[in-house]
Amino acid sequence: MADVVSLREAVAELVRDGNSVALEGFTHLIPTAGAHEIIRQDREDLTLIRMTPDLIYDQMIGSGCAKKLIFSWGGNPGVGSLHRFRDAIENGWPRALEIEEHSHAGMANRYVAGASNLPFAVLRGYVGTDLPKVTNTIAPITCPFTGEELAAVPALSPDVSIIHAQQADRRGNVAMWGITGIQKEAVLSSRRVIVTVEEVVEAFEPHHSQVVLPSVAVDAIAVVPGGAYPSYAHGYYARDNSFYEAWDPIGRDRERFREWMERHVLSTEDFAEHLESIQEAEVSWR
Amino acid sequence: MSSNEMSSNESSYTKDEMMTVAASRELRDDALCFVGIGLPSEAANLARATYAPNCVLVYESGPIGAKPDVLPHSIGDGVLAENADSVVPIPEIFSYWLQTGRIDIGFLGAAQIDRFANINTTVIGSYEKPKVRLPGAGGAPEIAASAKEVIIVLRHTPRAFVEELAFRTSVGYLDGGDSREKLRYLGGGPTVVITDLGILRPDPETRELTLAKVHPGASVEQAREATGWDLKAAEDLGTTDPPSEEELRVLRHLRAKTEAANKDMQVLRNLQARIGAAREDGRK
């Protein structure tokens, strides 16, 4: 059953050095607050798992939290490169980063296998591409019934997953709607689960395409309004495209990146202070 | 007039506008179209506003039948979910919709392309020590394999149109001829590549990309200079119809609406105001 705690307590309790950690949210509901708290608590040697690394893994990789990245698309959506991700792969800065890369279809299937407690998943994919040459978690498999050749990929079973959702109710159930991505599978494939939410409500109202995670699937809930910024929370706030654009020159330069992280993440107590801090500095990046 | 602008009768337009308009003309009404972000998304939404009002746009983030009124900045913007027929979780998009062969048209961009329309979006240089690390595969390999047909749109430069790919992320016609058929994909492969210089189509036998049309103002020589292999031109090489007044009007309106919507957004300020108000409510 989910306990409602502070995000600091949740990360201190549930995320350990060397863990495999999946922070999911496909463009929508990206758990930025969770990523920042891991950086603040200086976790190391993490295996970071995420379909679209986005700004949060750029920040975690640049901060030296990660030894390995499992992913399928590593860009700044609508802008271009993730420069910290690139610097780690191209130049090993701030440390060498091992990578394991898949297609989106492969990653999605790996989470489904994890959530189903199966050792691997089967899909039509990868054949003819160079991906199996560089990724050893892709293997051919023959269907025992039809003889058809397919691709097998191993299950993902992260030590911890962190997601952001719109709401929790008093009993610790979690509701999200809009684009719900791969979060349900990430949660159900993980040993421990942290959910940050915009707010706690008495009871959920019905929404188009709503997913409700029962309380028994969640270990800790932390209320963090705005916790998905600069991505968005459908029905709460829009995606701040200008921040994604502003991140490009910040992430491009090692010193500027370090100063930014020091000033806006490491020197702030929590995500509410982080938001205040970047709003004060907004003129400088807009 | 800059070298990027062409003129047709009274109107002038850019090479990028020509490319987007030409790409939009390739979409069919009623087609189920899997759309990548950037150039493909812009062309698909122009098509929806002109030639193909009933085409069903699918985005890999989950929306099916997306009807954005402004161009999305990312592949999972809220505007894609708002008026969609359905929004499904990611595993369903890839397993139930794409992998089954239901998608009529896959609409892709690329960083590099070779003569058989294979695509690289992974690295420039070696994989182990890349010169440029690109974002990677995303949804492209399975779109290229399973969509009934594939439309590719990218700018025509020597860096993009290369003799040999640094990495084959997604398959077009593999090594040409019938080599794609041997992979037993459900989809038929790329039918057209649209650039800012012209339109290329695979030769029916060899499957090599061949220049079928040049855009007004562009020449075969220009296209050949921007291509890393010995680009062949079709015997009946044509010229693309320039963008019509209507096509340009709709495209520019779409872009202006998108820009205005982005400019008006004070996301951080609104968010802070919302958080402040919620805090006040909590105290009462």
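**Close-up views of a predicted two-chain model**

**Figure 1. The end of helix H2 in chain A.** Just after H2(A), A:Asp42 adopts a positive phi of about 60 degrees. This is a predicted model, so please read each view here in that light. Helix H2 itself covers residues 32-40 of chain A and is mostly covered, with nine of its nine residues buried. Following the helix along, you will meet the buried residues A:Thr32, A:Ala33, A:Gly34, A:Ala35 and A:His36. The buried stretch carries on through A:Glu37, A:Ile38, A:Ile39 and A:Arg40.

**Figure 2. Helices H9 and H10 of chain A where they cross.** H9 takes in residues 254-266 of chain A and H10 residues 271-280, and their axes come within 8 Å. The crossing angle is roughly 130 degrees, and H9(A) and H10(A) are therefore oblique to each other. On the H9(A) side, the contact is made by A:Arg263, A:His264 and A:Val265. H10(A) answers with A:His274, A:Ser277 and A:Ile278. By type, the residues of this contact between H9(A) and H10(A) are two nonpolar, three polar and one charged.

**Figure 3. The hairpin of strands E10 and E11 in chain B.** Strand E10 (residues 123-125) of chain B runs antiparallel to E11(B), and three bridges join the two strands. For a handy landmark in this view, look for B:Ile124, which stands opposite B:Val132 in E11(B). Four residues make the link in the hairpin that joins E10(B) to E11(B).

**Figure 4. The side of chain B that touches chain A.** Here 46 residues of chain B are in contact with 52 residues of chain A. The elements of chain B that give two or more residues to this side include helix H3 (78-82), helix H4 (90-98) and helix H5 (140-146). Strand E11 (130-133) and helix H8 (267-283) of chain B belong to that list as well, so E11(B) will be familiar from the hairpin view, where E10(B) is its partner. H8(B) gives the most to the side of chain B that touches chain A, with eight residues. The residues on this side of chain B divide into 24 nonpolar, 16 polar and six charged.

**Figure 5. Chain A, the setting for the H2 and H9–H10 views.** Chain A holds 11 helices and 15 strands. Its C-alpha trace spans about 60 × 50 × 35 Å along the principal axes. For 286 residues, a compact globule would have a radius of gyration near 19 Å, and the 19 Å of chain A agrees with that. Of the 286 residues in chain A, 56% count as buried, and the residues of H2(A) shown earlier are among the buried ones. Among contacts in chain A between residues at least 6 apart in sequence, 74% join residues at least 24 apart.

**Figure 6. Chain B, the setting for the hairpin view.** Eight helices and 16 strands make up the helix and strand count of chain B. Chain B has a radius of gyration of 20 Å, close to the 19 Å that the globule rule gives for 284 residues, so it is as compact as a globular protein of that length. Taken along the principal axes, the C-alpha atoms of chain B fill a box of roughly 75 × 50 × 40 Å. Of the 284 residues in chain B, 52% are buried. Of the contacts in chain B with a separation of 6 or more, 64% come from residues 24 or more positions apart.

Conventions:
Residues numbered from 1 in each chain as written. Chains lettered and ligands numbered in written order. Predicted model: local features only at pLDDT ≥ 70, side-chain atom pairs only at ≥ 80, totals over all residues. Contact = placed C-beta atoms within 7 Å. Nonpolar A, V, L, I, M, F, W, Y, C, P; charged D, E, K, R; others polar. Rg over C-alpha atoms; globule rule 2.2 N^0.38 Å. Buried ≥ 20, exposed ≤ 12 C-beta atoms within 10 Å, placed from the backbone. Pairing = 2+ DSSP bridges. Axes fitted to C-alpha atoms, helices over the stretch in contact; angles between N-to-C directions. Parallel < 35°, antiparallel > 145°, perpendicular 65-115°, else oblique.
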